[in-house]
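Dear colleague,

Please find below the structure that I am handing over to you, together with its sequence. My notes on what was found follow directly after it.

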Amino acid sequence: MPKEISFKKELIGNFGYPVWDNPTEAMVEAAFAHHGMNYRYVTTEVPPENLRAAVAGLRAMGYKGFNCTIPHKVAIIDHLDGLGESASLIEAVNCVVERDGKYIGENTDGKGFLQSLREVIDPEGKKVLIFGAGGAARAVSVELALQGVEKITIVNRSTHRGEGLVDLLQRKTAVQVELKSWEGNYPIPAETEIIINCTSIGLSPQVVRVPVDKKTLLTHMVVCDLIVNPPKTPFLQEAAECGCRILDGIGMLVNQGRIGIKYWSGVDVDGSVMRRKIEEIYSTAS
Ligand code: NDP
């Protein structure tokens, strides 16, 4: 008797608006292919007014889950059946997982960053300075606070967003936190051990430097940038010139992708395949 062949694949989505420049599909599909997984990951442009219908469509078609990115990370919560712990603390979702017929919102951004950071330094007990107070800064700072960093300084251009993040950290975590305003080249206090750029300053095509006072970047500091395109931002180049250890944004992207795949399929995929794919994309792009 001939072996039966199934042409049906398990489906995972990715919603954003716009989303054309999001490389996640290429990275995740590289992992699916490498491990011979019967999955497809489909990137779809979903405008805010269609979000409800889009989620209903995925439910009807039996998607195992999906990623969502700007501008849906907060709005999506109204269309889900529940939230995991990180998403509930961060109050934003970037990964949705089907569990027993229910769509549960998770936040894997902070966890992805943390896994990447741990390869360079253990954050417990460290003094951290974060530039930015948007969605990525929220995810990263909440996860760092949960991991027991000693102090977080938020440096942000707009006071309003900075205050919102400080309020969130004070309400939901026990970390010591302060807000600093940002004018000109920011002088990094010498006690700082980890610096993280969570702003979009330096993102292609505006490949510019983060305004910091370069002479205050010291060799004991670990300097991280969440930006993936280009991987070696002017901020990281400057930090490397000052003798700091540096961490690019690809590790975070790969790790949040790996965590998502594990949630959807149960498979622990090889991150090096995903990193190679992203490096290949941006080396050709530059
Ligand atoms: P948001 O739009 O939510 O926040 C942007 C932040 O950048 C705000 O704090 C904003 O300050 C600040 N900012 C933007 N432009 C300037 C400027 N010219 N001067 C000073 N501050 C500025 O974006 P996200 O938090 O979602 O993303 C931030 C970055 O992180 C992006 O570049 C994104 O690509 C990257 N990222 C990387 C990930 C990865 O896996 N590696 C995952 C998620 C994000 P203000 O409040 O004053 O407007």
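In which loop is the place of P71? This model is predicted, and in it P71 belongs to the loop that runs between β3 (65–68) and β4 (82–83). The peptide bond that joins I70 to P71 is cis, with an omega of about 5 degrees.

A second cis peptide bond deserves mention here: S204 and P205 are joined by one, and its omega is about 10 degrees. P205 has its place in the loop between β10 (194–197) and β11 (222–225).

One further backbone feature concerns E91. Although E91 is a residue other than glycine, its phi is positive, near 65 degrees. E91 is found in the loop that links α3 (85–90) with β5 (95–99).

I now turn to the ligand. Where does the ligand sit? The ligand occupies the largest pocket. Two elements each give two or more residues to the shell around the ligand, namely α5 (135–146) and α8 (250–265).

Why does the ligand lie between domain 1 and domain 2? Domain 1 (10–107 + 251–285) gives residues to the shell around the ligand, and domain 2 (111–248) does as well, so the ligand lies between the two.

The ligand is surrounded by 20 residues, of which A133, A136, N156, S158 and L226 come nearest. Sorted by class, the shell holds 10 nonpolar residues, eight polar residues and two charged residues.

Polar backbone atoms also approach oxygen atoms of the ligand, as listed here:

- A136: a polar backbone atom lies 2.8 Å from an oxygen atom of the ligand.
- L253: a backbone N or O atom is 3.3 Å away from an oxygen atom of the ligand.
- G134: the distance between a polar backbone atom and an oxygen atom of the ligand is 3.5 Å.

How much of the ligand's accessible area does the protein cover? On its own, the ligand has 930 Å² of accessible area, and the protein covers 77% of this.

In summary, the two points to locate in the sequence and the model are the cis peptide bonds, at I70 and P71 and at S204 and P205. For the ligand, the place to look is the largest pocket, between domain 1 and domain 2.

With kind regards

Notes
Residues numbered from 1 in each chain as written. Predicted model: local features only at pLDDT ≥ 70, side-chain atom pairs only at ≥ 80, totals over all residues. Heavy atoms only, no water. Near = heavy atom within 4 Å. Polar contact = N/O pair within 3.5 Å; in protein donor to acceptor, adjacent residues only side chain to side chain. Areas by Shrake-Rupley, 256 points an atom, 1.4 Å probe, with all protein chains shown as cover. 1 Å grid on protein atoms, 1.4 Å probe; cavity = no way out; pocket = protein on both sides within 12 Å on 5 of 7 lines; lining within 4 Å. Sits in = over half its atoms within 2 Å of the grid points. Helix = DSSP H or I, 4+ residues; strand = E, 2+ residues; numbered from the N terminus. Nonpolar A, V, L, I, M, F, W, Y, C, P; charged D, E, K, R; others polar. Domains from an automatic or database assignment.
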